[in-house]
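I opened this notebook to record what I looked up in one structure, going from ring pairs to a surface patch and a core.

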Amino acid sequence: MTNSEQDKTQGMIPNFCLPTRALALLILAQSLALLLTLLMYDQDHSFWSQLGLNSLFIVWNACCCGIVFCAAKDYLNQQNTAVLSVMAISTVVIIIGLNSVAAIVYFYNNPLDVANNYQSWFIFRNVAVGLIITLTWLRYLYLRNQVYQSLIAEGEAQFRALQARIQPHFLFNTLNTIASLITIDQERAETTVEHLASVLRANLKPGQLSISLAQEIEISQHYLAIEQQRLGDKCQVKWQIEVDPKQYSIPPFTLQPLVENAVYHGIQRLSSGGEITIEIKPLNHGLFISVENPIPETPSKPGNQTAQSNIAQRMAIRYGHSAKMNIEALSKSYRVTLTLPEACRENTDNR
């Protein structure tokens with residue numbers, strides 16, 4: 001499954017197959033065992049033996065539930081909230097009920113007797129506690145999912161606004177460049193039109209959660225080719241690509257806006273021009289992207305940094321805290337670096 005497909009199946013139930021989530025589940029289970037032991041401590045018995053029994057039972061139930069939710073996550077997340085809640089509650093209740101019966105029969109070595117008040121209470125208490133915890137957990141997941149969806153909607157709206165807003169100066173400059181080339185070099189004029197068509201096609205394409213790095217590089221190259229036709233030798237570009245771009249996916253319009261800023265706020269304002277350095281390399285199984293450009297001694301009028309803010313927000317939605325953007329405004333250069341996690345690497349076996 002590619003990263004874009006994973007996003008489409010994102011839902012309320014988290015992925016307990018991840019080691020970090022499994023560890024968090026075990027820690028919470030052990031914390032619950034400690035809490036129940038402290039609340040129900042009987043001084044006639046050893047505290048540690050009671051803690052051991054409670055830990056064994058609660059952690060075992062947590063592991064069983066985690067395994068089931070790990071296996072059924074995609075199916076559950078395809079259901080509506082009501083169906084998902086009923087199925088999740090039923091799963092937890094059944095697992096805890098069966099494990100309670102198994103504990104009575106095999107652990108305490110007693111025959112099952114539903115008429116026995118102690119056994120009935122033991123099963124009812126365990127199921128009731130599990131039900132309360134599950135209801136609280138589902139409520140938390142629902143609220144978290146609502147916040148997540150609102151962030152996605154907000155980020156998508158901003159992205160669509162950014163995507164639809166072709167910079168007027170870029171479009172007008174490009175048309176002027178084409179007009180001037182028509183009379184002196186029709187082949188170059190035709191090539192520039194093709195580059196412009198590719199950039200516009202990418203802008204007008206319906207919103208996607210991610211595209212391949214190769215596509216993003218291609219869009220940026222089309223844009224730079226247009227600017228090089230306009231600025232000539234003033235605009236030099238140095239690409240340092242140390243990865244196979246087809247093996248990575250990133251949010252669309254991650255690299256191109258950074259390149260556009262490098263031209264507009266850097267190269268264009270320098271009388272002698274300069275060189276934009278674009279570096280893309282692997283980093284801790286993830287991806288490192290850097291765009292650096294020279295800047296004039298007199299800084300340009302600061303913009304609202306809409307593009308950079310939008311990129312940072314979409315990266316946060318897509319990858320969480322594991323993605324980072326760093327901006328360095330030095331005396332003679334401006335550098336933006338992006339660090340994307342391992343999740344941006346495509347599963348090439350399943351494509």
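The entries below follow the order of my look-ups.

**Entry 1, aromatic pairs.** I note at the outset that the model is predicted. I searched the whole structure for aromatic pairs and the search returned seven. I looked up Phe69 and Trp137, whose ring centres lie 5.5 Å apart with the planes at 50°, so I logged the pair as tilted, given that stacked needs planes under 30 degrees apart and edge-to-face over 60. Phe69 belongs to helix α3 (residues 47-77) and Trp137 to helix α5 (residues 117-164), so this pair ties together parts that are 68 residues apart in sequence. I then checked the cover of each partner: Phe69 is buried at 4% relative accessibility, whereas Trp137, with a relative accessible area of 22%, is partly exposed, because buried means under 20%. I also noted that Phe69 and Trp137 form one aromatic cluster together with Phe16.

**Entry 2, a pair within one helix.** Next I looked up Tyr118 and Phe122, whose ring centres are 6.4 Å apart and whose planes meet at 20°, so this pair is stacked. Both residues are in helix α5, and because they are four residues apart there, about one helical turn separates them. Their accessibilities I recorded one by one: Tyr118 is exposed, with 56% relative accessibility, while Phe122 is buried, with 8%.

**Entry 3, a charge over a ring.** I turned to Lys281 and found its charged end sitting over the ring of Phe288, at 5.1 Å from the ring centre.

**Entry 4, a surface patch.** I looked for nonpolar surface and noted a patch of about 310 Å², made by Leu35, Leu39 and Met40. Of these residues I followed up Leu39, which is placed in helix α2 (residues 19-39) and has a relative accessible area of 64%, so I entered Leu39 as exposed.

**Entry 5, the nonpolar core.** Which residues have the most contacts inside the largest nonpolar core? That core has 33 residues, and I listed Leu213, Leu255, Ile276, Ile278, Ile280, Leu287 and Leu340 as those with the most contacts inside it. I then asked which elements each supply at least two residues of this core, and wrote down the helices α7 (186-204), α8 (213-231), α9 (256-265) and α10 (306-319) along with the strands β4 (274-283), β5 (286-294) and β7 (333-340). The most is given by α8, with six residues.

Definitions and conventions: Residues are numbered from 1 along each chain as its sequence is written. This is a predicted model: local features need pLDDT of at least 70, side-chain atom pairs count only at pLDDT 80 or more; totals for chains, interfaces and linings use all residues. Side-chain values use heavy atoms; hydrogens and water are left out. Patches are made of residues with over 30% relative accessible area and no salt bridge: like charges are joined within 9 Å, nonpolar side chains (Val, Leu, Ile, Met, Phe, Trp, Tyr) within 5 Å. Accessible areas come from the Shrake-Rupley method with a 1.4 Å probe; for residues, only the protein chains shown count as cover. A salt bridge is a side-chain nitrogen of Lys or Arg within 4 Å of a carboxyl oxygen of Asp or Glu. Buried means under 20% relative accessible area, exposed over 50%, partly exposed in between (1.4 Å probe, protein chains only). Rings of Phe, Tyr and Trp (its six-membered ring) pair if their centres lie within 6.5 Å; planes under 30 degrees apart count as stacked, over 60 as edge-to-face and the rest as tilted. A charge sits over a ring if NZ of Lys or CZ of Arg is within 6 Å of the ring centre and within 35 degrees of the ring normal. A nonpolar core is a set of buried Ala, Val, Leu, Ile, Met, Phe, Trp, Tyr and Cys residues joined through side-chain atoms within 4.5 Å.
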